[in-house]
Amino acid sequence: MTTQRTQVAIIGAGPAGLLLGQLLHQAGIDNVLLEQRTAEYVLGRIRAGVLEQTTVALLERVNAAARLHTEGLVHDGIELAFDQQLHRIDFRALTGRGVTVFGQTEVTRDLMTVRAASGRSTIYEAADVSVHDFDGDHPCVRYRVGDAAHELRCDFIAGCDGFHGITRASVPERSLRIYEQVFPGGWLGVLSHVPPCHAELVYAHHPRGFALCSQRSPTLSRYYIQVPAEEALSSWSDTSFWDELRRRLPPEVADRVTTGPSVEKSIAPLRSFVAEPLRFGRLLLAGDAGHIVPPTGAKGLNLAASDVEYLSHALNEHYAEGSDAALDAYSERCLQRVWRAERFSWWFTSVTHHSPEATEFGRRLQQAELSYLVRSRAASTSLAENYVGLPMDF
Ligand code: FAD
Ligand code: DHB
(Lines give C-alpha, C1' and ligand atoms only; values in the text may rest on other atoms or scores of the structure.)
(Ligands and ions follow the chains in the order given, each with its own letter.)
Protein backbone atom coordinates (compact mmCIF):
# COMPACT_ATOMS: atom_id res chain seq x y z
CA MET A 1 0.00 0.00 0.00
CA THR A 2 1.38 3.44 -0.92
CA THR A 3 0.74 6.41 1.37
CA GLN A 4 0.37 9.99 0.21
CA ARG A 5 -0.56 13.23 1.97
CA THR A 6 -2.55 16.27 0.93
CA GLN A 7 -4.52 19.03 2.61
CA VAL A 8 -7.91 18.35 1.02
CA ALA A 9 -8.96 15.03 -0.56
CA ILE A 10 -11.76 15.67 -3.04
CA ILE A 11 -13.94 12.69 -3.94
CA GLY A 12 -15.56 13.04 -7.38
CA ALA A 13 -14.37 14.98 -10.44
CA GLY A 14 -17.74 16.25 -11.62
CA PRO A 15 -18.30 20.00 -11.79
CA ALA A 16 -18.34 20.39 -7.97
CA GLY A 17 -15.06 18.54 -7.39
CA LEU A 18 -13.22 20.12 -10.31
CA LEU A 19 -14.32 23.65 -9.41
CA LEU A 20 -13.44 23.17 -5.75
CA GLY A 21 -10.03 21.80 -6.71
CA GLN A 22 -9.30 24.88 -8.76
CA LEU A 23 -10.54 27.37 -6.14
CA LEU A 24 -8.32 25.67 -3.54
CA HIS A 25 -5.37 25.56 -5.93
CA GLN A 26 -5.67 29.30 -6.45
CA ALA A 27 -5.63 29.79 -2.67
CA GLY A 28 -2.43 27.70 -2.46
CA ILE A 29 -4.21 24.77 -0.77
CA ASP A 30 -2.97 21.37 -1.90
CA ASN A 31 -5.64 18.92 -3.02
CA VAL A 32 -6.01 15.56 -4.73
CA LEU A 33 -9.05 14.64 -6.83
CA LEU A 34 -10.24 11.02 -6.87
CA GLU A 35 -12.71 10.00 -9.58
CA GLN A 36 -14.06 6.50 -10.07
CA ARG A 37 -14.69 6.88 -13.84
CA THR A 38 -12.54 7.89 -16.78
CA ALA A 39 -12.46 11.54 -17.91
CA GLU A 40 -14.21 10.48 -21.16
CA TYR A 41 -17.03 8.84 -19.22
CA VAL A 42 -17.55 11.98 -17.11
CA LEU A 43 -17.68 14.08 -20.29
CA GLY A 44 -20.19 11.71 -21.86
CA ARG A 45 -22.90 12.53 -19.30
CA ILE A 46 -25.26 15.09 -20.80
CA ARG A 47 -26.87 17.07 -18.00
CA ALA A 48 -27.52 20.69 -17.11
CA GLY A 49 -27.54 23.58 -19.56
CA VAL A 50 -28.33 26.83 -17.75
CA LEU A 51 -25.75 28.85 -15.77
CA GLU A 52 -26.58 31.68 -13.38
CA GLN A 53 -24.39 34.78 -13.43
CA THR A 54 -22.86 33.80 -10.09
CA THR A 55 -21.75 30.46 -11.59
CA VAL A 56 -20.32 32.25 -14.63
CA ALA A 57 -18.41 34.60 -12.28
CA LEU A 58 -16.93 31.62 -10.42
CA LEU A 59 -15.83 30.01 -13.68
CA GLU A 60 -14.23 33.32 -14.65
CA ARG A 61 -12.38 33.36 -11.33
CA VAL A 62 -10.77 30.00 -12.08
CA ASN A 63 -9.97 30.99 -15.70
CA ALA A 64 -12.40 28.45 -17.15
CA ALA A 65 -14.82 30.87 -18.82
CA ALA A 66 -13.17 31.82 -22.14
CA ARG A 67 -15.21 29.39 -24.25
CA LEU A 68 -18.29 30.04 -22.18
CA HIS A 69 -18.08 33.69 -23.23
CA THR A 70 -17.54 32.99 -26.91
CA GLU A 71 -19.79 29.94 -27.32
CA GLY A 72 -22.33 30.31 -24.49
CA LEU A 73 -25.69 31.87 -25.35
CA VAL A 74 -26.91 34.71 -23.13
CA HIS A 75 -30.68 34.46 -22.72
CA ASP A 76 -32.71 37.36 -21.38
CA GLY A 77 -35.88 35.39 -20.78
CA ILE A 78 -37.83 32.16 -21.29
CA GLU A 79 -41.17 31.29 -22.86
CA LEU A 80 -43.90 29.55 -20.92
CA ALA A 81 -46.25 27.64 -23.22
CA PHE A 82 -49.78 26.60 -22.32
CA ASP A 83 -53.22 26.67 -23.94
CA GLN A 84 -51.44 26.57 -27.33
CA GLN A 85 -49.80 29.96 -26.72
CA LEU A 86 -46.41 31.36 -25.77
CA HIS A 87 -45.99 33.77 -22.85
CA ARG A 88 -42.59 35.41 -22.48
CA ILE A 89 -41.01 36.02 -19.08
CA ASP A 90 -38.54 38.85 -19.59
CA PHE A 91 -35.77 38.25 -17.02
CA ARG A 92 -33.74 41.27 -18.09
CA ALA A 93 -36.66 43.69 -17.71
CA LEU A 94 -37.82 42.15 -14.42
CA THR A 95 -34.48 41.57 -12.68
CA GLY A 96 -31.76 43.28 -14.75
CA ARG A 97 -30.12 39.89 -15.25
CA GLY A 98 -30.11 36.98 -17.68
CA VAL A 99 -28.68 33.45 -17.75
CA THR A 100 -26.08 31.73 -19.93
CA VAL A 101 -26.99 28.58 -21.83
CA PHE A 102 -23.85 26.42 -21.96
CA GLY A 103 -23.74 22.67 -21.44
CA GLN A 104 -22.41 21.06 -18.28
CA THR A 105 -20.21 18.85 -20.48
CA GLU A 106 -18.42 21.91 -21.82
CA VAL A 107 -18.08 23.45 -18.34
CA THR A 108 -16.55 20.17 -17.15
CA ARG A 109 -14.21 19.98 -20.16
CA ASP A 110 -12.88 23.49 -19.47
CA LEU A 111 -12.47 22.74 -15.76
CA MET A 112 -10.51 19.58 -16.69
CA THR A 113 -8.21 21.71 -18.86
CA VAL A 114 -7.41 24.21 -16.07
CA ARG A 115 -7.00 21.32 -13.63
CA ALA A 116 -4.40 19.68 -15.90
CA ALA A 117 -2.55 23.01 -16.18
CA SER A 118 -2.52 23.43 -12.37
CA GLY A 119 -0.26 20.40 -11.98
CA ARG A 120 -2.31 19.11 -9.01
CA SER A 121 -3.03 15.41 -8.91
CA THR A 122 -6.22 13.89 -10.36
CA ILE A 123 -6.65 10.15 -10.13
CA TYR A 124 -9.19 8.73 -12.56
CA GLU A 125 -10.51 5.17 -12.32
CA ALA A 126 -10.01 5.13 -8.55
CA ALA A 127 -11.86 2.00 -7.38
CA ASP A 128 -13.26 1.04 -3.97
CA VAL A 129 -12.89 4.56 -2.60
CA SER A 130 -13.58 4.66 1.15
CA VAL A 131 -13.36 7.46 3.72
CA HIS A 132 -12.11 7.00 7.31
CA ASP A 133 -11.75 8.80 10.63
CA PHE A 134 -13.37 12.02 9.49
CA ASP A 135 -14.80 12.55 12.98
CA GLY A 136 -11.26 12.73 14.35
CA ASP A 137 -8.24 14.90 13.46
CA HIS A 138 -6.59 12.53 10.98
CA PRO A 139 -8.98 11.52 8.22
CA CYS A 140 -7.84 9.40 5.29
CA VAL A 141 -9.16 8.00 2.05
CA ARG A 142 -8.34 4.53 0.74
CA TYR A 143 -8.70 3.45 -2.87
CA ARG A 144 -7.31 1.13 -5.50
CA VAL A 145 -6.00 1.71 -9.00
CA GLY A 146 -5.79 -1.60 -10.78
CA ASP A 147 -4.35 -4.03 -8.24
CA ALA A 148 -2.48 -1.38 -6.24
CA ALA A 149 -3.92 -0.16 -2.92
CA HIS A 150 -3.38 3.45 -1.85
CA GLU A 151 -3.98 5.57 1.22
CA LEU A 152 -4.39 9.33 1.04
CA ARG A 153 -3.98 11.12 4.38
CA CYS A 154 -5.48 14.58 4.58
CA ASP A 155 -6.87 17.37 6.78
CA PHE A 156 -10.31 17.42 5.17
CA ILE A 157 -12.40 15.28 2.82
CA ALA A 158 -14.74 17.02 0.37
CA GLY A 159 -17.62 14.77 -0.71
CA CYS A 160 -18.30 15.89 -4.30
CA ASP A 161 -19.26 12.42 -5.52
CA GLY A 162 -22.82 13.09 -6.56
CA PHE A 163 -26.10 11.55 -5.43
CA HIS A 164 -24.93 7.91 -5.69
CA GLY A 165 -21.50 8.50 -4.18
CA ILE A 166 -19.95 6.94 -1.08
CA THR A 167 -19.29 9.97 1.11
CA ARG A 168 -22.85 10.66 2.28
CA ALA A 169 -23.38 6.89 2.56
CA SER A 170 -20.39 6.68 4.94
CA VAL A 171 -22.02 8.96 7.51
CA PRO A 172 -23.76 7.03 10.33
CA GLU A 173 -27.51 7.08 9.75
CA ARG A 174 -28.20 8.58 13.17
CA SER A 175 -26.15 11.69 12.24
CA LEU A 176 -28.14 12.44 9.09
CA ARG A 177 -31.60 13.80 8.54
CA ILE A 178 -32.96 13.11 5.06
CA TYR A 179 -35.78 15.04 3.41
CA GLU A 180 -37.04 13.56 0.17
CA GLN A 181 -39.97 13.88 -2.18
CA VAL A 182 -40.28 12.35 -5.62
CA PHE A 183 -42.49 13.79 -8.35
CA PRO A 184 -44.09 10.96 -10.35
CA GLY A 185 -42.34 10.40 -13.69
CA GLY A 186 -39.08 11.55 -15.19
CA TRP A 187 -37.59 13.58 -18.04
CA LEU A 188 -36.70 11.82 -21.24
CA GLY A 189 -33.94 13.94 -22.80
CA VAL A 190 -32.68 13.91 -26.38
CA LEU A 191 -29.64 15.68 -27.79
CA SER A 192 -29.65 16.14 -31.57
CA HIS A 193 -27.58 18.01 -34.15
CA VAL A 194 -30.47 20.15 -35.34
CA PRO A 195 -31.10 23.92 -35.04
CA PRO A 196 -33.20 24.96 -32.02
CA CYS A 197 -36.90 25.56 -32.68
CA HIS A 198 -36.97 28.85 -30.79
CA ALA A 199 -34.57 31.65 -29.83
CA GLU A 200 -35.14 31.07 -26.08
CA LEU A 201 -35.99 28.07 -23.90
CA VAL A 202 -39.64 26.98 -24.04
CA TYR A 203 -41.17 25.41 -20.90
CA ALA A 204 -44.42 23.81 -22.05
CA HIS A 205 -47.32 22.70 -19.89
CA HIS A 206 -49.68 20.32 -21.71
CA PRO A 207 -52.35 17.83 -20.60
CA ARG A 208 -50.16 15.05 -22.09
CA GLY A 209 -47.24 16.17 -19.93
CA PHE A 210 -44.46 18.74 -19.67
CA ALA A 211 -41.98 19.47 -22.48
CA LEU A 212 -38.85 21.64 -22.61
CA CYS A 213 -37.07 22.97 -25.68
CA SER A 214 -33.49 23.83 -24.86
CA GLN A 215 -30.33 24.22 -26.88
CA ARG A 216 -26.55 24.09 -26.81
CA SER A 217 -25.65 26.04 -29.98
CA PRO A 218 -27.26 27.22 -33.25
CA THR A 219 -26.83 23.64 -34.54
CA LEU A 220 -27.32 21.53 -31.40
CA SER A 221 -30.63 21.16 -29.55
CA ARG A 222 -31.62 19.57 -26.27
CA TYR A 223 -35.24 18.57 -25.77
CA TYR A 224 -37.03 16.92 -22.87
CA ILE A 225 -40.48 15.38 -22.39
CA GLN A 226 -42.05 14.22 -19.14
CA VAL A 227 -42.60 10.46 -19.21
CA PRO A 228 -44.27 8.08 -16.73
CA ALA A 229 -42.06 6.73 -13.92
CA GLU A 230 -42.12 3.14 -15.15
CA GLU A 231 -41.25 4.03 -18.76
CA ALA A 232 -38.26 2.18 -20.32
CA LEU A 233 -35.81 4.16 -22.42
CA SER A 234 -35.92 1.41 -25.06
CA SER A 235 -39.62 2.02 -25.65
CA TRP A 236 -38.86 5.47 -27.14
CA SER A 237 -37.67 5.50 -30.74
CA ASP A 238 -36.43 8.82 -32.13
CA THR A 239 -39.64 9.09 -34.18
CA SER A 240 -41.93 8.53 -31.21
CA PHE A 241 -39.96 11.12 -29.19
CA TRP A 242 -40.26 13.82 -31.89
CA ASP A 243 -43.96 13.09 -32.43
CA GLU A 244 -44.72 13.32 -28.73
CA LEU A 245 -42.64 16.49 -28.29
CA ARG A 246 -44.50 18.28 -31.09
CA ARG A 247 -47.88 17.26 -29.71
CA ARG A 248 -47.08 19.13 -26.49
CA LEU A 249 -45.96 22.40 -28.09
CA PRO A 250 -48.05 25.30 -29.45
CA PRO A 251 -48.33 25.02 -33.28
CA GLU A 252 -46.04 28.02 -33.91
CA VAL A 253 -43.24 26.20 -32.04
CA ALA A 254 -44.08 22.63 -33.11
CA ASP A 255 -43.93 23.66 -36.78
CA ARG A 256 -40.37 24.89 -36.30
CA VAL A 257 -39.01 21.72 -34.66
CA THR A 258 -36.34 20.21 -36.90
CA THR A 259 -36.00 16.50 -36.28
CA GLY A 260 -32.87 14.39 -36.63
CA PRO A 261 -31.17 11.35 -35.14
CA SER A 262 -30.58 11.49 -31.39
CA VAL A 263 -26.93 11.51 -30.32
CA GLU A 264 -27.84 10.93 -26.69
CA LYS A 265 -31.04 9.80 -25.01
CA SER A 266 -31.55 9.32 -21.26
CA ILE A 267 -34.16 9.53 -18.50
CA ALA A 268 -33.59 11.73 -15.43
CA PRO A 269 -35.72 11.46 -12.27
CA LEU A 270 -37.72 14.32 -10.76
CA ARG A 271 -36.43 14.10 -7.23
CA SER A 272 -36.12 16.56 -4.37
CA PHE A 273 -33.63 15.47 -1.73
CA VAL A 274 -31.76 17.22 1.08
CA ALA A 275 -29.35 15.69 3.60
CA GLU A 276 -28.77 17.69 6.76
CA PRO A 277 -26.25 18.69 7.90
CA LEU A 278 -23.62 18.94 5.17
CA ARG A 279 -20.66 18.71 7.54
CA PHE A 280 -19.54 15.82 9.73
CA GLY A 281 -16.29 16.76 11.45
CA ARG A 282 -13.72 16.86 8.67
CA LEU A 283 -16.03 15.53 5.95
CA LEU A 284 -17.95 18.18 4.01
CA LEU A 285 -20.56 17.39 1.36
CA ALA A 286 -21.05 19.63 -1.68
CA GLY A 287 -23.32 19.50 -4.76
CA ASP A 288 -25.47 16.46 -5.56
CA ALA A 289 -23.79 14.47 -2.77
CA GLY A 290 -25.81 16.59 -0.34
CA HIS A 291 -28.93 17.59 -2.27
CA ILE A 292 -30.91 17.06 -5.47
CA VAL A 293 -33.53 19.24 -7.13
CA PRO A 294 -35.93 18.31 -9.91
CA PRO A 295 -34.35 19.71 -13.11
CA THR A 296 -37.18 22.13 -13.97
CA GLY A 297 -35.61 25.13 -12.24
CA ALA A 298 -32.14 24.42 -13.75
CA LYS A 299 -30.62 24.75 -10.28
CA GLY A 300 -28.57 21.53 -9.71
CA LEU A 301 -25.30 22.64 -11.23
CA ASN A 302 -25.66 26.19 -9.93
CA LEU A 303 -26.15 24.93 -6.36
CA ALA A 304 -23.09 22.70 -6.70
CA ALA A 305 -21.10 25.80 -7.71
CA SER A 306 -22.34 27.94 -4.80
CA ASP A 307 -21.61 25.12 -2.29
CA VAL A 308 -18.01 24.87 -3.40
CA GLU A 309 -17.59 28.63 -3.34
CA TYR A 310 -18.63 28.63 0.34
CA LEU A 311 -16.46 25.57 1.01
CA SER A 312 -13.33 27.00 -0.60
CA HIS A 313 -13.83 30.22 1.35
CA ALA A 314 -14.22 28.27 4.63
CA LEU A 315 -11.13 26.15 3.98
CA ASN A 316 -9.15 29.22 3.02
CA GLU A 317 -10.10 30.90 6.29
CA HIS A 318 -9.01 27.77 8.16
CA TYR A 319 -5.56 27.69 6.55
CA ALA A 320 -4.89 31.41 6.10
CA GLU A 321 -6.34 32.80 9.34
CA GLY A 322 -6.61 29.80 11.62
CA SER A 323 -10.34 30.44 11.99
CA ASP A 324 -13.00 27.71 11.77
CA ALA A 325 -15.94 30.12 11.92
CA ALA A 326 -16.78 29.71 8.22
CA LEU A 327 -16.36 25.92 8.41
CA ASP A 328 -18.76 25.89 11.38
CA ALA A 329 -21.24 27.98 9.36
CA TYR A 330 -20.76 26.02 6.10
CA SER A 331 -23.73 23.69 6.36
CA GLU A 332 -26.21 26.33 7.51
CA ARG A 333 -25.07 28.78 4.86
CA CYS A 334 -25.42 26.28 2.02
CA LEU A 335 -28.73 24.93 3.27
CA GLN A 336 -30.40 28.36 3.20
CA ARG A 337 -29.67 28.57 -0.51
CA VAL A 338 -30.47 24.88 -1.07
CA TRP A 339 -33.92 25.13 0.50
CA ARG A 340 -34.71 28.22 -1.53
CA ALA A 341 -33.81 26.30 -4.69
CA GLU A 342 -35.77 23.26 -3.46
CA ARG A 343 -38.86 25.41 -2.98
CA PHE A 344 -38.55 27.01 -6.41
CA SER A 345 -37.75 23.77 -8.26
CA TRP A 346 -40.63 21.87 -6.63
CA TRP A 347 -43.06 24.72 -7.24
CA PHE A 348 -42.01 25.18 -10.90
CA THR A 349 -42.28 21.43 -11.43
CA SER A 350 -45.75 21.28 -9.85
CA VAL A 351 -47.07 24.17 -11.94
CA THR A 352 -45.78 22.93 -15.28
CA HIS A 353 -46.00 19.12 -15.07
CA HIS A 354 -48.88 16.74 -15.41
CA SER A 355 -49.43 14.79 -12.21
CA PRO A 356 -51.27 11.47 -12.63
CA GLU A 357 -52.41 11.87 -9.02
CA ALA A 358 -53.96 15.32 -9.52
CA THR A 359 -57.68 15.81 -8.98
CA GLU A 360 -59.81 17.89 -11.35
CA PHE A 361 -59.70 20.63 -8.72
CA GLY A 362 -55.91 20.45 -8.68
CA ARG A 363 -55.78 20.76 -12.47
CA ARG A 364 -57.95 23.88 -12.43
CA LEU A 365 -55.72 25.42 -9.76
CA GLN A 366 -52.70 24.66 -11.94
CA GLN A 367 -54.32 26.50 -14.89
CA ALA A 368 -55.17 29.45 -12.66
CA GLU A 369 -51.61 29.54 -11.34
CA LEU A 370 -50.14 29.59 -14.87
CA SER A 371 -52.49 32.31 -15.95
CA TYR A 372 -51.65 34.37 -12.83
CA LEU A 373 -47.97 33.80 -13.41
CA VAL A 374 -47.97 35.45 -16.83
CA ARG A 375 -50.47 38.20 -15.98
CA SER A 376 -49.12 39.39 -12.64
CA ARG A 377 -45.89 41.37 -12.63
CA ALA A 378 -45.23 40.28 -9.05
CA ALA A 379 -45.61 36.58 -9.94
CA SER A 380 -43.47 36.91 -13.11
CA THR A 381 -40.81 38.75 -11.12
CA SER A 382 -40.75 36.02 -8.50
CA LEU A 383 -40.22 33.36 -11.20
CA ALA A 384 -37.55 35.48 -12.89
CA GLU A 385 -35.67 36.23 -9.64
CA ASN A 386 -35.54 32.60 -8.68
CA TYR A 387 -34.57 31.40 -12.15
CA VAL A 388 -31.70 33.86 -12.66
CA GLY A 389 -30.50 33.07 -9.14
CA LEU A 390 -29.33 34.71 -5.98
CA PRO A 391 -26.27 36.89 -5.60
CA MET A 392 -23.40 35.03 -3.93
CA ASP A 393 -23.65 36.99 -0.69
CA PHE A 394 -27.23 35.86 -0.02
P1 FAD B 1 -21.90 14.88 -10.35
O2 FAD B 1 -21.95 15.64 -11.62
O3 FAD B 1 -22.81 13.72 -10.18
O4 FAD B 1 -20.40 14.40 -10.14
C5 FAD B 1 -20.03 13.48 -9.15
C6 FAD B 1 -18.77 12.75 -9.60
O7 FAD B 1 -18.37 11.85 -8.57
C8 FAD B 1 -19.00 11.90 -10.85
O9 FAD B 1 -18.02 12.19 -11.81
C10 FAD B 1 -18.93 10.48 -10.33
O11 FAD B 1 -18.43 9.56 -11.30
C12 FAD B 1 -17.99 10.62 -9.15
N13 FAD B 1 -18.15 9.57 -8.14
C14 FAD B 1 -19.28 9.00 -7.72
N15 FAD B 1 -19.02 8.05 -6.79
C16 FAD B 1 -17.68 8.06 -6.62
C17 FAD B 1 -16.80 7.31 -5.81
N18 FAD B 1 -17.26 6.35 -4.99
N19 FAD B 1 -15.49 7.56 -5.88
C20 FAD B 1 -15.00 8.51 -6.72
N21 FAD B 1 -15.80 9.24 -7.52
C22 FAD B 1 -17.11 9.02 -7.47
N23 FAD B 1 -29.32 19.82 -13.56
C24 FAD B 1 -29.84 20.81 -14.25
O25 FAD B 1 -29.75 21.96 -13.81
N26 FAD B 1 -30.47 20.55 -15.45
C27 FAD B 1 -30.56 19.27 -15.97
O28 FAD B 1 -31.09 19.05 -17.03
C29 FAD B 1 -30.03 18.21 -15.25
N30 FAD B 1 -30.10 16.93 -15.70
C31 FAD B 1 -29.58 15.92 -14.94
C32 FAD B 1 -29.67 14.58 -15.36
C33 FAD B 1 -29.18 13.52 -14.58
C34 FAD B 1 -29.30 12.08 -15.05
C35 FAD B 1 -28.57 13.82 -13.34
C36 FAD B 1 -28.02 12.68 -12.48
C37 FAD B 1 -28.45 15.16 -12.93
C38 FAD B 1 -28.97 16.21 -13.72
N39 FAD B 1 -28.88 17.56 -13.32
C40 FAD B 1 -29.41 18.55 -14.03
C41 FAD B 1 -28.22 17.96 -12.12
C42 FAD B 1 -26.79 18.44 -12.38
O43 FAD B 1 -26.26 17.79 -13.49
C44 FAD B 1 -26.07 18.13 -11.12
O45 FAD B 1 -26.62 18.95 -10.09
C46 FAD B 1 -24.56 18.34 -11.20
O47 FAD B 1 -23.98 17.38 -12.05
C48 FAD B 1 -23.96 18.24 -9.80
O49 FAD B 1 -22.58 18.19 -9.88
P50 FAD B 1 -21.75 17.34 -8.84
O51 FAD B 1 -20.34 17.58 -9.22
O52 FAD B 1 -22.22 17.65 -7.47
O53 FAD B 1 -22.16 15.82 -9.08
C1 DHB C 1 -31.69 22.34 -19.49
C2 DHB C 1 -31.92 21.59 -18.40
C3 DHB C 1 -32.80 22.04 -17.44
O4 DHB C 1 -33.02 21.32 -16.35
C5 DHB C 1 -33.45 23.24 -17.57
O6 DHB C 1 -34.33 23.63 -16.64
C7 DHB C 1 -33.19 24.00 -18.68
C8 DHB C 1 -32.31 23.55 -19.65
C9 DHB C 1 -30.76 21.84 -20.53
O10 DHB C 1 -30.27 20.71 -20.41
O11 DHB C 1 -30.49 22.57 -21.49
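A residue counts as near a molecule when one of its heavy atoms lies within 4 Å of it. With that rule in hand, ligand 1 has 29 residues around it, and E35, R45, R47, Q104 and D288 come nearest. The model looked at here is predicted, so to speak of local features pLDDT must be at least 70, side-chain atom pairs count only at pLDDT 80 or more, and totals for chains, interfaces and linings use all residues. Residues are numbered from 1 along each chain as its sequence is written, chains are lettered from A and ligands numbered from 1 in the order in which they are written, and side-chain values use heavy atoms, with hydrogens and water left out.

What holds ligand 1 in polar terms can be put in a few distances, using polar contacts (pairs of N or O atoms within 3.5 Å; within protein, one must be able to donate a hydrogen and the other to accept it, and residues adjacent in sequence count only if both atoms are side-chain atoms). The side chain of E35 has an N or O atom 2.6 Å from an oxygen atom of ligand 1. Y224 places a polar side-chain atom 3.3 Å from a ligand 1 oxygen, while L301 uses a backbone N or O atom, at 3.4 Å from an oxygen of the ligand. On its own, ligand 1 exposes 990 Å², and the protein buries 87% of that (accessible areas follow the Shrake-Rupley method with a 1.4 Å probe; for residues, only the protein chains shown count as cover). Two elements, α1 (15-26) and α9 (300-321), give two or more residues to this shell; helices (H or I, at least four residues) and strands (E, at least two) are DSSP runs, numbered from the N terminus. By class, the shell has 14 nonpolar, 8 polar and 7 charged residues, where Ala, Val, Leu, Ile, Met, Phe, Trp, Tyr, Cys and Pro are nonpolar, Asp, Glu, Lys and Arg charged, and the others, Gly among them, polar.

Next comes ligand 2. It has 15 residues around it, and Y203, S214, R216, Y224 and P295 come nearest. A polar side-chain atom of S214 sits 2.6 Å from an oxygen of ligand 2, and the side chain of R216 brings an N or O atom to 2.7 Å from a ligand oxygen. The backbone joins in at R47, with an N or O atom 3.3 Å from an oxygen of ligand 2. Of the 290 Å² of accessible area that ligand 2 has on its own, the protein covers 97%. Strands β16 (211-217) and β17 (220-227) each supply at least two residues of the shell, and β16 gives the most, with 3 residues. The shell splits into 9 nonpolar, 3 polar and 3 charged residues.

Away from the ligands, an open sheet of 4 strands runs in the order β1-β12-β11-β10, with mixed pairing (two strands pair if DSSP finds at least two bridges between them). Its edge strands, β1 (2-5) and β10 (127-132), each pair on one side only. Strands β11 (residues 140-145) and β12 (residues 148-153) pair in the antiparallel sense over 6 bridges, with Y143 opposite H150 and V145 opposite A148. Their hairpin has 2 residues between the strands, and G146 takes a positive phi near 60° there. β10 and β11 are also antiparallel, over 4 bridges, and H132 stands opposite C140.
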